[in-house]
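Visitor: I have a structure to look through, and I'd like the labels explained as we go. Can you walk me through it?

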Amino acid sequence: MLRVAVCVSGGGTNLQAIIDAVQNGVITNTEIVGVFSNNPNAYALERAKSAGIQAVSCSPKEYATRDEFNKAFLNQMDAWNPDLIVLAGFLVIIPPALIKKYENKIINIHPSLIPSFCGTGFYGLKVHEEALKRGVKVTGATVHFVDEGTDTGRIINQKAVYIEEGDTPEVLQRRVMEQAEWVILPKAINDIANHII
Ligand code: GRF
């Protein structure tokens, strides 16, 4: 049974896709052992609680230094003893100590077809704003392993989404989430849980 810890910062629709996939058998051989957020107001925490999953929020603002927050974050991950850590819209720089300790055991969902529209500063709506500004006809989402860089780890899977006439960044973001993120993130977890990758 793959023990999965999920890290969130916002609405938690990717977390919900994972929860639903475990409940309906799209993801097998997996247990979500905890949900962690840096944002105590993240709706994702409500989603976890509704699903009976332990939800912990721990804001950097509660600590005198970033190093102390990082220690608390790492301690919480260790307490859950996860086989896999999933970053699902988690807007926190991952401490190098965590990346080292959980090497090749942390994955992230990014709302573009890496290597396009990724790296420092490319997150949330900005990714879609840039794609529209550049005039690309196809975008999508990527699941990748997390390494010391930003969106630079080994790519696990991707799914393309067509941009449509008149798309706004918000409309495009929603389509990418619905058609790509909520599909490839559960698939990546299931593939890892069942040793397909
Ligand atoms: C998603 O668009 C994801 O690609 C990005 O942050 C957003 C998270 O949304 N990393 P949610 O919190 O899963 O709804």
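Guide: Sure. One term up front: a residue is buried when its relative accessible area is under 20%. And keep in mind that this is a predicted model.

Visitor: What makes strand β6 largely enclosed by the rest of the structure?

Guide: Take β6, residues 138-145, and apply that cut-off: 7 of its 8 residues come out buried, so the strand is largely enclosed. As for partners, β6 is joined to β5 by 4 bridges, running antiparallel, and I109 sits opposite V143 of β6. With β7, the pairing is antiparallel too, over 7 bridges; there V138 has Y162 as its bridge partner.

Visitor: How do you know that β4 and β5 pair, and in what sense do they run?

Guide: Pairing takes at least two bridges. Strands β4 (84-87) and β5 (106-110) have 3 and run parallel, so by that rule they count as paired. L87 stands opposite N108 of β5.

Visitor: What is the strand order in the sheet, and why are β3 and β7 called its edges?

Guide: The 7 strands go β3-β2-β1-β4-β5-β6-β7, in an open sheet with mixed pairing. β3 (55-57) and β7 (155-162) each have a single partner strand, so one side of each has no neighbour in the sheet. From one strand to the next, the twist averages 20 degrees.

Visitor: Which strands does helix α1 touch?

Guide: Helix α1 (13-23) packs on the sheet against β1, β2, β4 and β5, its direction making about 160 degrees with that of β2. Helix α2 (43-50) also packs there, touching β1, β2 and β3, at about 155 degrees to β3.

Visitor: How do you know that α3 has the span expected of a helix?

Guide: Do the check at 1.5 Å a residue: the 15 residues of α3 (66-80) should span 21 Å, and the end C-alpha atoms are 21 Å apart, which agrees. Its buried residues include F69, F73 and W80, and the buried set packs against β1, β2, β3, β4 and α4. Just after the helix, N81 takes a positive phi of about 50 degrees.

Visitor: Why is H128 called buried?

Guide: The relative accessible area of H128 is 1%, and the cut-off is under 20%, so buried is the right word. H128 is in helix α5, and its contacts beyond four places in sequence are P111, P169, L172, Q173 and V176.

Visitor: What makes D78 and K101 a salt bridge?

Guide: The limit is 4 Å between a side-chain nitrogen of Lys or Arg and a carboxyl oxygen of Asp or Glu. The D78 and K101 side chains meet at 2.8 Å, N to O, so the pair qualifies. D78 lies in α3 and K101 in α4, so the bridge ties together parts 23 residues apart in sequence. The structure holds 9 salt bridges.

Visitor: Why is D78 called partly exposed?

Guide: Partly exposed covers the range between the buried cut-off, under 20%, and the exposed one, over 50%. D78 has a relative accessible area of 27%, so that label fits.

Visitor: Are D167 and R175 buried or exposed?

Guide: Both are buried. They form a salt bridge with the closest N and O atoms 2.6 Å apart.

Note on methods:
Residues are numbered from 1 along each chain as its sequence is written. This is a predicted model: local features need pLDDT of at least 70, side-chain atom pairs count only at pLDDT 80 or more; totals for chains, interfaces and linings use all residues. Side-chain values use heavy atoms; hydrogens and water are left out. Helices (H or I, at least four residues) and strands (E, at least two) are DSSP runs, numbered from the N terminus. Axes are lines fitted to C-alpha atoms, for helices over the stretch in contact, and angles run from 0 to 180 degrees between N-to-C directions. Contact means heavy atoms within 4.5 Å. Buried means under 20% relative accessible area, exposed over 50%, partly exposed in between (1.4 Å probe, protein chains only). The expected span of a helix is 1.5 Å times one less than its number of residues.
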